[in-house]
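I opened my notebook to look up a few things in this model. Here is the structure I had on screen.

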Amino acid sequence: MEKLKHHIFVCGSARLVGENKGFCLQKGGVDIIQAFNEEVQDRGLDGDIMVTSTGCLGLCSKGPVVIIYPDQTWYGKVSVDDVEEIMDALEQGETVERLTF
Ligand code: FES
């Protein structure tokens, strides 16, 4: 396997302990994951970028939360409509400042 350029983590809301609030999932987490996967495929980046669902990141009030490594970019209140802009920024080595925290 080639070394990834970016790994996109999208909160999938799962919690092993405590109450599962499912905030990011309720706010479209699955659709966001799917949108990122479609963008990666459409742009021919499937060897360079991986998209993974995470458990709850403990930042529910900022959800849906998306984290990109190794860039260490944290996005909050992401919607499906933001995914294309985030991918454009990622390819240009930039961030979507209005969504970062
Ligand atoms: S459910 Fe996404 S940060 Fe908690």
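My entries follow, starting with the ground rules.

**Ground rules.** I am working with a predicted model, where local features need pLDDT of at least 70, side-chain atom pairs count only at pLDDT 80 or more, and totals for chains, interfaces and linings use all residues. Residues are numbered from 1 along each chain as its sequence is written. My helices (H or I, at least four residues) and strands (E, at least two) are DSSP runs, numbered from the N terminus.

**Entry 1, the core.** I looked up the largest nonpolar core, meaning a set of buried Ala, Val, Leu, Ile, Met, Phe, Trp, Tyr and Cys residues joined through C-beta atoms within 7 Å. Buried means that 20 or more other C-beta atoms lie within 10 Å of a residue's own; exposed means 12 or fewer, and partly exposed is in between, with C-beta atoms placed from the backbone. This core has 22 residues, and those touching the most other members are I8, V10, I32, F36, V51, V66 and V83. At least two core residues come from each of β1 (6-14), α1 (23-26), α2 (29-42), β2 (49-55), β3 (66-69) and α3. Helix α2 gives the largest share, 5 residues. As a general note to self, nonpolar side chains tend to be buried together in soluble globular proteins.

**Entry 2, V83.** Which residues does V83 touch, leaving out those up to four places away in sequence? I found I32, A35, F36 and E39, where contact means C-beta atoms, placed from the backbone, within 7 Å.

**Entry 3, strand β3.** I followed the side chains along β3: V66 and I68 are buried and point to one face, while I67 and Y69 point to the other and are not buried. Next I checked pairing, which requires DSSP to find at least two bridges between two strands. β1 and β3 pair in the antiparallel sense over 4 bridges, and β3 also pairs with β4 (residues 73-75) in the antiparallel sense, over 3 bridges. I67 is the bridge partner of F9, and W74 in β4 is the bridge partner of I67. The hairpin of β3 and β4 has 3 residues between the strands, and Q72 there takes a positive phi near 60°.

**Entry 4, Q34 and E94.** Is Q34, in helix α2, buried or partly exposed? Q34 counts as partly exposed because it has 15 C-beta neighbours inside 10 Å. Its C-alpha is 8.9 Å from that of V80, 46 residues apart in sequence. E94 lies in the segment after α3 (80-91) and counts as exposed because it has 12 such neighbours inside 10 Å. I also noted 9.6 Å between the C-alpha atoms of E94 and D71, which are 23 residues apart along the chain.
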